[in-house]
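Okay, thanks for coming, everyone. I've got one structure to walk you through today, so let me put it up and then we'll talk.

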Amino acid sequence: MTRIAADTRNRKVDEISRLEHELVEAMTSLKSFLEAVLAYKSSVVRAEAELELSNARCAKAMVREEVERKKVADLEKAMEALWLENSTLEAKKVLVEDEFLTQQGNIVLMLGKTFNQVV
């Protein structure tokens, strides 16, 4: 019986050794799997961060474009206002020149009448 007990014990020791070896292999596989999961998660986090940065850059560019459009619109309005002011000043200039020529004509007429009266 001792021999049978020894054989049983040896088989159980062998079985325990085999199970320990399988456990070590399973833990090694699990470790590799977890490392792969962490690497994947890290790449996902990195990709999300890059996407957020890209979105922020895009938003910044859109704001910059909107500011530029507003500046252009403001400049166009200012140019239109200056054009209108210039047109108004040109019209006033024509009126002043006409008034000057009218006054000058009146002076010439008065001088002519005066000259005719003197002669």
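I'll go from overall shape to salt bridges and then to surface patches.

Quick housekeeping before that. This is a predicted model, so local features need pLDDT of at least 70 and side-chain atom pairs count only at pLDDT 80 or more, while totals for chains, interfaces and linings use all residues. Residues are numbered from 1 along each chain as its sequence is written, and side-chain values use heavy atoms, with hydrogens and water left out.

Okay, overall shape. What does the secondary structure come to? One helix and zero strands. Helices here are DSSP runs of H or I with at least four residues, strands are E runs of at least two, and the numbering starts from the N terminus. Helix H1 covers residues 2-118.

Now look at the dimensions. Along the principal axes, the C-alpha atoms fill a box of roughly 170 × 10 × 5 Å. The radius of gyration is 51 Å, where a compact globule of 119 residues would have one near 14 Å. That radius is taken over C-alpha atoms, and the globule rule is 2.2 Å times the number of residues to the power 0.38.

So how much of the protein is buried? Buried residues make up 0% of the 119. By buried I mean under 20% relative accessible area; exposed is over 50%, and partly exposed is in between, with a 1.4 Å probe and protein chains only. The protein exposes about 11200 Å², and carbon and sulfur atoms supply 65% of that. Those areas come from the Shrake-Rupley method with a 1.4 Å probe, and for residues only the protein chains shown count as cover.

On to charge. There are 18 positive and 21 negative side chains, and the centres of the two sets lie 7 Å apart. Lys and Arg count as positive, Asp and Glu as negative; His and the chain ends are not counted. Each charge is placed at NZ of Lys, CZ of Arg, CG of Asp or CD of Glu.

Side chains of opposite charge can pair when their charged atoms come close. How many salt bridges does the structure hold? Six, meaning a side-chain nitrogen of Lys or Arg within 4 Å of a carboxyl oxygen of Asp or Glu.

Take Arg-18, partly exposed at 38%. Arg-18 pairs with Glu-15 at 2.3 Å between the closest N and O atoms, and with Glu-22 at 2.4 Å, N to O. Glu-15 is three residues from Arg-18 in helix H1, so about one helical turn separates them. Glu-22 is four residues from Arg-18, again about one helical turn.

Further along, Lys-31 bridges to Glu-35, with the closest N and O atoms 4.0 Å apart. Those two sit four residues apart in helix H1, so that's about one turn too. Lys-31 is exposed at 52%, while Glu-35 is partly exposed at 45%. Back to the earlier trio: shared partners join Glu-15, Arg-18 and Glu-22 into one network.

Last bit, patches. These use residues with over 30% relative accessible area and no salt bridge, joining like charges within 9 Å and nonpolar side chains (Val, Leu, Ile, Met, Phe, Trp, Tyr) within 5 Å. Leu-30, Phe-33, Leu-34 and Val-37 make a nonpolar one of about 370 Å². Val-37 is partly exposed, at 37%. And Glu-90, Glu-97, Asp-98 and Glu-99 form a negative patch, where Asp-98 is partly exposed at 42%.
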